Amino acid sequence: MAGATDTPMMRQYLDLKAQVPDALLLYRMGDFYELFLDDARVAAAALDLTLTSRNKNDPDPVPMAGVPHHALDAYLRRLLDAGHKVAIAEQRPGASAKLMERDIVRVVSPGVPMDPEGLDAREPVWLGALTRSGGAHPVYGLAFLEVSTGDLRLAERPDAAEALAELHRFDPRELILAPSVAEDAALSPGFSGRTLSAGEPRAFDAGAGRRRLHAQLGVADLAAFGASGLDPALAAAAALLAYVTDRARVPLGHLQHLAVLPRGSAAVLDEATRRNLELLRTLRGGSRNGTLLALLDRTLTGPGARLLRDWLLQPLVALAPLHARQDAVEALTDARLRRPTREALREVADIERIAGKVAQARAHARDLVGLQRSLTALAPLWGRLAAVPALAPHLVEDLLPDVADDIAATLVDDPPLALTDGGLIRPGVSAELDRLAALGRDGRQAIAAIEERERARTGIASLKVKHNRVVGYFLEVTEAQLARVPADWHLKQHMSGARRYMTAELKEYEEAVLGADDRRTALEHDLFLALRARVAAAVPRLMALARAVAFVDTVAALAEVAVERRYVRPLVDDGLTIEIEAGRHPVVEAAATDERFVPNDLALDAQRRLIVLTGPNMAGKSTVMRQLALTVLLAQIGAFVPAARARIGLCDRLFVRVGASDDLARGQSTFMVEMSETAWILRHATPRSLVLLDEIGRGTSTYDGLAIAWAVAEAVHDSARCRAIFATHYHELCALADERPGVLNQHVAVSDRGEQVRFLRTLRDGGASRSYGIQCARLAGLPEPVLARARALLVELEKRPVHPPPSRQLALFAPSTPAPAPAPVAPALQALADALRAIDPDTLNPRQAHDALYALRALLPADTGD
Ligand code: ADP
Ligand code: MG
């Protein structure tokens, strides 16, 4: 080994690699980035590169793989997508030593991506850091940074579960873990699917975090941000900022603001709730289409799209900012204000990410022109918006006209992508530049004149002066015209079918032109860098403006949806009443094509706080529950809601759980998951919470399931005392309404006229009629005599007392206690046997089989379950 790697170059390589042991090192050599040793093997596999070696004849060759420098971006993206970190070592310019000097200029990783171009403008890319204080009552400190926009958030949470909730909410691509949390099993669900980086223990230092942020934000104290006392969070911030600036080498001039996320500042949506409500991704397939976000996201700018997403994940619990948002949305429901606003926003680029690129000295001329156009497009709009009382407080006065003018006066309208080839700067900006441009122009004219003259002199009609980077200027002649070439031309290049010539005169102009061009492009580059530095000084002002634009864009989008879909402004207060008149499910309604969506009324309050919701399969139970949750959520982000009228008493937490058999997306030990999630709800729900349990307890045997559903319902009513809906197929649960004052039975109605099951989609008081099972059986093709027998049995069975009191019922269902034999089992068994014999399994489709099962169950006496 020593032999192969013991060359000056390999020693330099290994030194650089030692700085970034967890990253793949791309080592610049001429036109290639090379990888060596293990890195080469990993990259060759990930990128389908050929694995070669540097010294094939050595007994111990060094594995090597390379990518061409111009294709770096594409390869980088693939390595990042595969979860790798990549360090880039460039050659230091100007060094003339035998061994080229090299430095690591950037370390790219999933949480610290290269440039915003490759990013989805609608999604933030969060990098997180997490630590935990010591002592008897540890506190979890979290810091999250969106590198492209400099958005920094800090939070402290008293237990692992709440810290985990924040991890799920931010969903960081990459997470820096302090040793104190790396092995924390309670947090590990928040680690999967992310790139994990082990942070140095001493990087997590609150004092260092404080010092870094003081310098970063230009303040002497973090009190104004509410962050001065947050030791664990500042420790996390220290590790995070060190990682980004020192290790990844990203300058953070655009980090101008810090937000602290106090506990309880937003309604809590845990991970399961977010998933079940399909806020950002659908349950099945995980697509964006069909989510609440997709429905709402009519924003027109990147900052707006990212803000809307932020709002959706942290509904407000404070009335004042919520009403302020509602006022703003309402103002923009007026088309005379909304249309011109949205038209102007269409012209606005991603100011936030451009400002980030400017601060990192990565912005191109096109970015600056885009910025200038954005500022110009906003100018006429801003005056108009400032006159609207509901919007004025959310605007900033400064539209940076000085910056816009500077850019417009300096750069041409449509600059090229490259910064070093000239063509960037307007005439009149620099007298020297204009002089160089004129020199080049004159030279090119003189060259054109030479072409004319020589063509006339030689009679070669096809004669052309051409130019390329390697040869310079030349006269090109085809073989056929060789005889006409005059003696004073010098042959420069022999091509197949053509010859290239030079003259002394041409050479002279070439030198003038190329010399002027070189100096011109260099000067243009300098002028551009100076302009970019001037804009960089305005980054804090740009960031403030970007926040205002994001707000306007987001409320205008919500207003657009409200008008298009006929939503209304809900009355949101701090009572406990929820009253929705003619409410609809926003997403199902928008997707409905053949069936018109049937609106429903819903009311819950502290007195009538638990609805036991029954109704046959497919009636619409799950839909009506989610509709309620989404309506509350919309109301608490300040949006309008799909209803004729709504009053929403603020919710502090929203829990939505779907029973195992309804949630096909998860398979394993669903019952355990379901029970632990239910336990979690019972521990965390408050009287201000909203709990929606959809067929909980289904994942086990009927006795267990009913017993658990029953006990949970009692606990929700008696101890949590929250507002809740319990959708269940255990009709037995309807008896709870007789026992508990706050319980109310409702069902989603189906029409039973003529025994044709027709879904009415309407919510009615009382438990569901139990005879739908027989109707379903009929639909499924059970023969008429069997149905008649079933009907007779049902009448018989329903005459019997249905339930013992719930307290005793529970004991009766405890698995250890054998259930006493219910009385009239024999006729029921007979009916079952008859019905079973009538079924021909080979002729049923899965749906019919499912319905037949229900029908069979309906034949059983009420209190035997299975
Ligand atoms: P359940 O939970 O009772 O089995 P779902 O809520 O899953 O029923 O609804 C079944 C189907 O009925 C869904 O496909 C849904 O689109 C449709 N649906 C539900 N409620 C309504 C309604 N109010 N108006 C129109 N269609 C509805
Ligand atoms: Mg359902």
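Domain bounds, as used here, come from an automatic or database domain assignment. The model in the viewer is predicted.

**The domains.** Begin by colouring the chain by domain: domain 1 covers 2–108, domain 2 covers 117–263, and domain 3 combines 297–400 with 539–565. Continue with domain 4 (431–532), domain 5 (571–768) and domain 6 (818–864). Next, select domain 3 and domain 6 together; their C-alpha centres are 61 Å apart.

**A pair of helices.** Now select residues 401–410, which form helix H16, and residues 504–536, which form helix H18. The two axes lie 10 Å apart, and the helices pack at an angle of about 170 degrees. Angles over 145 degrees count as roughly antiparallel, and H16 and H18 are therefore described in that way. Display the side chains where they meet: Val403, Asp406, Ile407 and Thr410 belong to H16, while Leu531, Arg534 and Val535 belong to H18. Of the residues in this contact, four are nonpolar, one is polar and two are charged.

**The ligand.** Finally, centre the view on ligand 1, which is surrounded by 14 residues. The closest are Val598, Met618, Lys621, Ser622 and Thr623. Which atoms should be inspected here? A backbone N or O atom of Val598 is 2.9 Å from a nitrogen atom of ligand 1. For Lys621, a backbone N or O atom lies 2.8 Å from an oxygen atom of the ligand. Select Arg761 last: one of its polar side-chain atoms is 3.1 Å from an oxygen atom of ligand 1.

Conventions: Residues are numbered from 1 along each chain as its sequence is written. Chains are lettered from A and ligands numbered from 1 in the order in which they are written. This is a predicted model: local features need pLDDT of at least 70, side-chain atom pairs count only at pLDDT 80 or more; totals for chains, interfaces and linings use all residues. Side-chain values use heavy atoms; hydrogens and water are left out. Axes are lines fitted to C-alpha atoms, for helices over the stretch in contact, and angles run from 0 to 180 degrees between N-to-C directions. Helices (H or I, at least four residues) and strands (E, at least two) are DSSP runs, numbered from the N terminus. Angles under 35 degrees count as roughly parallel, over 145 as roughly antiparallel, 65 to 115 as roughly perpendicular and the rest as oblique. Contact means heavy atoms within 4.5 Å. Ala, Val, Leu, Ile, Met, Phe, Trp, Tyr, Cys and Pro count as nonpolar, Asp, Glu, Lys and Arg as charged, and the others, Gly among them, as polar. A residue is near a molecule or strand if one of its heavy atoms lies within 4 Å of it. A polar contact is a pair of N or O atoms within 3.5 Å; within protein, one must be able to donate a hydrogen and the other to accept it, and residues adjacent in sequence count only if both atoms are side-chain atoms.
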